Amino acid sequence: MSLLVVGIGECIVSDDPGATLVTYALGSCIAVAIFDPVLKVGGLLHYMLPDSALDAEKARRRPFMFADTGIPLLFQSAYQLGAVRSRLEVAVLGGAQVMDTSETFNIGKRNHLALRKIFWKAGILVRAEDVGGTQSRTVRMELATGRIAVRRGLTEEILEPSGRGKGATYGV
Amino acid sequence: MAFNVLIVDDSPAMRKLIRRVLTLSGLELSHCLDAANGQEALDLLRANWVDIVLTDINMPVMNGEQLLKEISSDTLLETIPVLVISTDRTETRLQRMMALGARDYVTKPFLPETLGCAMERLLAGERRAENRI
Amino acid sequence: MDAASEVLESMCFLSVLGEAGSPAAPNDSWMESRLEFMGESRGSFGLCMTRATAAVIAGNFLGQPSEEFSAEQIEEVLCELSNMICGSFLSRFCKDAIFDLTHPVCGPWGTSVRPVLQGLELDEGELQMWLEFRS
């Protein structure tokens, strides 16, 4: 079993069924996990900010830092490994408000809204979502099964894909 | 098996949004019909085969509550499942619509996935009923 | 503001940043949508915004580039927005009372008398709304 760590502002896509993708301490960042249950191709993106227009130069160097540049690249990378869009099961995690709750620009929420807008315009529906709150999350996804484990504090929840491809639903 | 759906809402924008959600949800849809009020919906129901009705409540001419009463009192229409989509989230309205025979109730605003899941549950029920016949 | 936030976030993917500090004065280049409600109380609700903000909202709501919309299509989205915000507000404010809402009417900002407007600053533009109970 190989553990592939996705850092902040990074993305890994793999077709190795022995791989587990993991990303730590999401905080206000969002992790997008995608999985093709037929080919066992999966990807995990950990982005920090909603909009690359804030820093176009940085977005060129580090596109996975931003929702609008990172999310399309995540999907394109999966397609290059043979993943089929209609089969992809998409899970979204993170977007917590971990700082002072009087913070005006709730970046976790803005990261989430940016994702929702991108997905709606692209016609992608999310199969599972665990966002918001105040606790930071750690996420890992096994490519053998597409199973996702979400840890918040001392608790861990498992999201199981049904593996049916189109129309499949993650359970919680 | 592919399903025929009737969307009833006085808002063309909401009807368009609902259509998009249904398409993106990967449901097996054959035809998607539109009506802007309960009377138009009844006319369509009496002229077309419809498997599921999605209806708003607040509409001119005939509202969703009146439409549901008409559907549930018509022997040819009473078995058609109705899903209510409305801004009204009061317990009173919810109970009234369920008592009139609505199968489920989605409140506006809603996430597309919420509507998609409600439709999947409804269609799963219809598929099970089909298999029993 | 909570009702507006919920609708704008979940259906238009826009954050409400707070009350507008110095709300702009609407003029006839703005768009307005208004409706009446009746039930335990009667009254009216309206919202208005610039055409540019309305186009952004319509694009986000329908998931299409806003340049593709006609003025009529943008008005249709604004009507539904006012329906949802008003309905959501009445459900929160008047707990278990049932209200009937009329079909919203949308058009350019007109000269009718309105109650005090509440301005909300969005991350893209500004929205102003008003609510009046008459009984």
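1. A pleasant place to start is the pairing at L93(A): its bridge partner in β7(A) is D130(A). Please keep in mind that this is a predicted model. The pairing belongs to a wider match between strand β6 (residues 89-94) of chain A and β7(A), which run in the parallel sense over four bridges.

2. Staying with strand β7 (residues 128-131) of chain A, have a look at where its residues point. A128(A) and D130(A) face one way, E129(A) and V131(A) face the other way, and all are buried. In a regular strand, side chains alternate between the two faces of the sheet. Note that the buried set here includes D130(A) and E129(A), and that D130(A) is the residue bridged to L93(A).

3. Next, helix α2 (residues 67-80) of chain A. How far apart should the ends of its 14 residues be? At 1.5 Å a residue the expected span is 20 Å, and the end C-alpha atoms are indeed 20 Å apart, so the two values agree. After the helix comes G82(A), with a positive phi near 100°.

4. What does the buried part of α2(A) pack against? The buried residues are A67(A), T69(A), G70(A), I71(A), L74(A), F75(A) and A78(A). Their packing partners in chain A are the strands β2 (10-14), β4 (30-36) and β5 (41-47), together with the helices α1 and α3 (107-122).

5. Helix α1 (residues 56-61) of chain A, one of those partners, contains K58(A). Is K58(A) buried or exposed? The count of other C-beta atoms within 10 Å is 15, and a residue is called buried at 20 or more and exposed at 12 or fewer; K58(A) is therefore partly exposed. If you like checking sequence distance against space, try K58(A) and V38(A): they are 20 residues apart in sequence and 35 Å apart from C-alpha to C-alpha.

6. Now to chain B, which has five helices and five strands. Along the sequence they follow the pattern β-α-β-α-β-α-β-α-β-α. For 133 residues, a compact globule would have a radius of gyration near 14 Å, and chain B, at 14 Å, agrees with that. The C-alpha trace of chain B spans about 35 × 35 × 25 Å along its principal axes.

7. The interior of chain B is worth a line too. Buried residues make up 41% of its 133 residues. Among contacts in chain B with a separation of 6 or more, 62% are between residues 24 or more positions apart.

8. Turning to the interfaces, chain C puts 22 residues in contact with 20 residues of chain B. On the chain C side, the elements giving two or more residues are α1 (2-12), α2 (51-62), α3 (71-93) and β4 (99-101). The largest share, nine residues, comes from α3(C). By class, this side of chain C has ten nonpolar, seven polar and five charged residues.

9. Chain C also touches chain A: eight residues of chain A are in contact with six residues of chain C. The chain A side has two nonpolar, one polar and five charged residues.

10. Finally, confidence. The predictor gives the complex an ipTM of 0.90 and a pTM of 0.92. Chain C averages a pLDDT of 88, with 99% of the residues scoring at least 70. Among the elements of chain C, α2(C) has the highest mean pLDDT (94) and strand β1 (residues 16-19) the lowest (84).

Definitions and conventions. Residues numbered from 1 in each chain as written. Chains lettered and ligands numbered in written order. Predicted model: local features only at pLDDT ≥ 70, side-chain atom pairs only at ≥ 80, totals over all residues. Contact = placed C-beta atoms within 7 Å. Nonpolar A, V, L, I, M, F, W, Y, C, P; charged D, E, K, R; others polar. Rg over C-alpha atoms; globule rule 2.2 N^0.38 Å. pLDDT = per-residue confidence, 0-100. Expected span 1.5 Å × (residues − 1). Pairing = 2+ DSSP bridges.
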